[in-house]
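Me: I have a protein structure open on my screen and would like to learn how to read it. Could you take me through it feature by feature?

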Amino acid sequence: MSDGEILVIGGGIGGLTAALAIARSGRAVRVLERAPEFAEIGAGLQLAPNATRLLDRLGVLDACVEAGVLPERLVFNDALTGARLTHLDLGEDFRRRYGGPYVVMHRSDLLRILVEACRTHGVALENGRGVDEVTTEPGGVTVTCADGSRHTGVLAVAADGLRSGVRGRLSDDQPIDSGYVAYRGTIPMDEVTGPISLSEVVVWFGPGLHLVQYPLRSGRLLNQVAVFRSPGFAAGDPDWGNPDELDAAFSVTCEPVRMALPSLWRNNRWPMYDREPLDNWLTGRTVLLGDAAHPMLQYLAQGACQAIEDGVSLADSLDRHLTDAVPDAVSVDKALHAYQDERIPRTSHIQRTARVWGDMWHIDGVGALLRNEVFTERAVDDYRHVDPIYGA
């Protein structure tokens, strides 16, 4: 039994950030992770300043920069013609404007850094703890795991991902399949053929598809993600999004894009999901966080960033409202409501904006021509479209 603890369900980026932020305030935290070890699926991760300045506050930014890359530019190209449309400078002026750098890194590196920091700050980390039930008690919350273990605490934080079991207590909604699928892959830089910049995050977009490329691990690896709209999904094919569809979709693109396809992993693919925003993340003494609360499409590269924001926001709210060693129900309720009142408007806006950006990236015909014209005419020091995201 762990009466005075805060229980975090899920040991991904959001759950571990929350655990670290809360533990740094001197509170006891226990993370219950279903998997046998702490691991992230996938490869590259983009961390914008709204996340990195919080990682700096948590004392882990230097380790992230050392493990990752500080790109100089975010570049947008036409995937059909190869033309460069515009770019966003990510250098010193950018960092001064937003109070933090733009970092690209391997997901597993960020998770490792967070695990090590959590251990340093006394967070209890438990693997193999799949959660079956969460019950609000008169003085707290009890979490029962599939292996029969029971943990009691002040409150529970459900950071259990896109298919959150805890979210089912708040809503009967289901993940929304966008009909797009992603293929990912990394390749050592010395095996890359063709011109690749070690200082840029490059996005190539075209009708119903896009490719993202950027370096990882101090420039030793190239990360690539190819995304396309599956015709098989629309036709109801159970094998939709297969490698044959990948090759067909990108066959119309320019040579630098086509050259990326052989290095993608073909034995796994990631359908792209989100959900409709919720207007409540709270049930009893349990609150949602990260993808459990607001799964979003990847076009803004904000999924992990928003989970990091959630974790710090929750810790701040607990600091403001839980002033007693054993907080009463009223204080816990105030803290959790303050957290969701701060976070729901922001994450809901970003969820919806990500859908709009996806439509803009993938538009065809006259719409694509107009988009390219707007991008080409954009001043490179025009930050108005990212100010609300990076500067919040």
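Reply: Happy to; we will go through helix packing, cores, cysteines, single residues and a pocket.

Reply: This is a predicted model, in which local features need pLDDT of at least 70 and side-chain atom pairs count only at pLDDT 80 or more, while totals for chains, interfaces and linings use all residues. Residues are numbered from 1 along each chain as its sequence is written, and side-chain values use heavy atoms, with hydrogens and water left out.

Me: Let me start with a helix. How many of the residues of helix α1 are buried?

Reply: First, the terms: helices (H or I, at least four residues) and strands (E, at least two) are DSSP runs, numbered from the N terminus. Buried means under 20% relative accessible area, exposed over 50%, and partly exposed in between, with a 1.4 Å probe and protein chains only. An α-helix has 3.6 residues a turn, so residues three or four places apart point the same way. In helix α1 (residues 13-23), 11 of the 11 residues are buried. Among them are I13, L16, L20 and A23.

Me: Which elements do the buried residues of α1 pack against?

Reply: Contact here means heavy atoms within 4.5 Å. The partners are the strands β1 (5-9), β2 (29-32), β3 (44-47) and β7 (124-126), together with the helices α5 (107-120) and α9 (303-321).

Me: How many residues are in the largest nonpolar core?

Reply: A nonpolar core is a set of buried Ala, Val, Leu, Ile, Met, Phe, Trp, Tyr and Cys residues joined through side-chain atoms within 4.5 Å. The largest one has 107 residues, and L16, L47, L155 and Y390 have the most contacts inside it. Helix α10 (residues 329-362) gives the largest share of this core, nine residues. There is also a second, separate core of 19 residues, including L211, W240, L246 and A249.

Me: And what does L155 touch?

Reply: Not counting residues up to four places away in sequence, L155 touches E5, I6, L7, V141, R285, L318, L322, V332 and L336.

Me: Now the cysteines. How many disulfides does the structure hold?

Reply: A disulfide is a covalent bond between the sulfur atoms of two cysteines. Here the test is a pair of cysteine sulfur atoms within 2.5 Å, and the structure holds zero disulfides. For C118, the nearest cysteine sulfur, that of C64, is 12 Å away.

Me: Why is C305 without a bond to C64?

Reply: Because the sulfur of C305 is 11 Å from that of C64, its closest cysteine sulfur, which is too far for a bond. Both C118 and C305 are buried, each with a relative accessible area of 0%.

Me: Where is C254 found?

Reply: C254 sits in the loop between α7 (243-250) and α8 (255-258). With a relative accessible area of 9%, C254 is buried. Beyond four places in sequence, C254 touches D78, A79, L80, T81, G82 and W204.

Me: Is R184 buried or exposed?

Reply: R184 counts as buried, at 14% relative accessibility. This arginine belongs to strand β11 (residues 176-188). Leaving out residues up to four places away in sequence, R184 touches G42, Q224, V225, L264, W265, W270 and Q298.

Me: Which loop holds S230?

Reply: S230 is in the loop between β14 and α6 (231-235), and is buried at 2% relative accessible area. Outside its neighbours within four places in sequence, S230 is in contact with G179, W240, G241 and E245. S230 and G208 are 22 residues apart in sequence and 8.6 Å apart in space, C-alpha to C-alpha.

Me: What about backbone angles? What is phi of R217?

Reply: Phi of R217 is near 50°, a positive value in a residue other than glycine. R217 lies in the loop between β13 and β14 and is partly exposed, with a relative accessible area of 24%. A301 also has a positive phi, near 55°, and its place is in the loop between β17 (286-288) and α9.

Me: Last, the second largest pocket. How many residues line it?

Reply: On a 1 Å grid over the protein atoms alone, a pocket is an open set of points where a 1.4 Å probe fits, with protein on both sides within 12 Å along at least five of seven lines; lining residues have an atom within 4 Å of a point. The second largest pocket is lined by 23 residues, of which T193, P195, I196, Q213 and P256 lie nearest its centre. The elements that give two or more residues to this lining are β12 (200-206), β13 (209-216) and β14 (221-229).
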